[in-house]
Amino acid sequence: MRTFFLVIFLLSISVNSTIADSDLERSNLSKLASEIDFLIDRVDKIRRTPITNQRLIFNYAYLKSDLLKIRAGINDHLSKSIASGRRIEPLMGDYQNGVHQ
C-alpha cells in the first residue's frame, strides 16, 4: 500500500511539472508573439521613412510577411488550431531581393 501511494505521489509530481512546463512555454510564446508585433510596427515605421542614395533597397514587405508568418505559427500553436495537412508557407529570407535603385 505504501508503494502505491509513493507511485501516485511521484506521478502527480510528474504531471504537475509537465503542466508547469506547458504553462511556461505558453507564456514564453505569448511574449515572443508580442515582441513580433512590436517588430512589425517598427518595420512599418521604418518602411515609411524615405531613404535616399541607397544602392540596394531592403525589402521591408518581405520582412513583414515573414514576421507575420512566424507570428501566425506561434498563435496557431497557442490556440491549438493547427489542422493536419495544413500548408505552411516558406519564409522569404532574402530581403535585398536584388532590387537596385
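**View 1. Asp44 is a buried acidic residue paired with Lys64.** Asp44 counts as buried because its relative accessibility is 19% (buried is under 20% relative accessible area, exposed over 50% and partly exposed in between, using a 1.4 Å probe and protein chains only). Asp44 sits in helix H1, which covers residues 2–47 (helices are DSSP runs of H or I with at least four residues, strands are runs of E with at least two, and both are numbered from the N terminus). This is a predicted model, in which local features need pLDDT of at least 70 and side-chain atom pairs count only at pLDDT 80 or more, while totals for chains, interfaces and linings use all residues. Residues are numbered from 1 along each chain as its sequence is written, and side-chain values use heavy atoms, with hydrogens and water left out. The side chains of Asp44 and Lys64 are joined by a polar contact of 3.1 Å (a pair of N or O atoms within 3.5 Å; within protein, one must be able to donate a hydrogen and the other to accept it, and residues adjacent in sequence count only if both atoms are side-chain atoms). The Lys64–Asp44 pair also qualifies as a salt bridge, at 3.1 Å from N to O (a side-chain nitrogen of Lys or Arg within 4 Å of a carboxyl oxygen of Asp or Glu). This bridge links distant parts of the chain, with Lys64 in helix H2 and Asp44 in helix H1, 20 residues apart. Lys64 is partly exposed, with a relative accessible area of 22%.

**View 2. Arg71 and Asp37 form a salt bridge between the two helices.** How many salt bridges does a search of the whole structure find? There are two, and in this one the side chains of Arg71 and Asp37 meet at 2.5 Å, N to O. Arg71 belongs to helix H2 and Asp37 to helix H1, so the bridge ties together parts that are 34 residues apart in sequence. Arg71 is partly exposed at 24% relative accessibility, and Asp37 is partly exposed at 30%. Look also for Ser34, another residue of helix H1, which is partly exposed at 45% relative accessibility. The C-alpha atoms of Ser34 and Arg71 are separated by 8.7 Å, although the two residues are 37 apart along the chain.

**View 3. Helix H2 runs from residue 60 to residue 79.** Its 20 residues reach 28 Å from the first C-alpha to the last, close to the 28 Å expected at 1.5 Å a residue (the expected span is 1.5 Å times one less than the number of residues). At the N-terminal end, Asn59 caps H2 with a side-chain oxygen that lies 3.2 Å from the backbone nitrogen of Ala61. Beyond the other end, H2 is followed by Lys80, whose phi is positive, near 55°. The buried residues of H2 include Leu and Ile side chains, but Asp66 and Asp76 are buried as well.

**View 4. Nine residues make up the largest nonpolar core.** A nonpolar core is a set of buried Ala, Val, Leu, Ile, Met, Phe, Trp, Tyr and Cys residues joined through side-chain atoms within 4.5 Å. The members here are Leu29, Ala33, Ile36, Ile40, Val43, Leu63, Leu67, Ile74 and Leu78. H1 and H2 are the elements that give two or more residues to this core, and the largest share, five residues, comes from H1. Ile36 in helix H1 is buried, with a relative accessible area of 6%. Leaving aside neighbours within four places in sequence, Ile36 is in contact with Leu67, Ile70, Arg71 and Ile74 (contact means heavy atoms within 4.5 Å). Ala33 touches Arg71, Ile74 and Asn75, not counting residues up to four places away.

**View 5. Phe58 and Tyr60 form an aromatic pair.** The structure holds one such pair. Phe58 and Tyr60 are tilted, at 4.7 Å centre to centre and 55° between the planes (rings of Phe, Tyr and Trp, the last by its six-membered ring, pair if their centres lie within 6.5 Å; planes under 30 degrees apart are stacked, over 60 edge-to-face and the rest tilted). Phe58 is partly exposed, with a relative accessible area of 31%.

**View 6. The whole chain has two helices and zero strands.** Buried residues make up 13% of its 101 residues. Among contacts between residues at least 6 apart in sequence, 77% join residues at least 24 apart.
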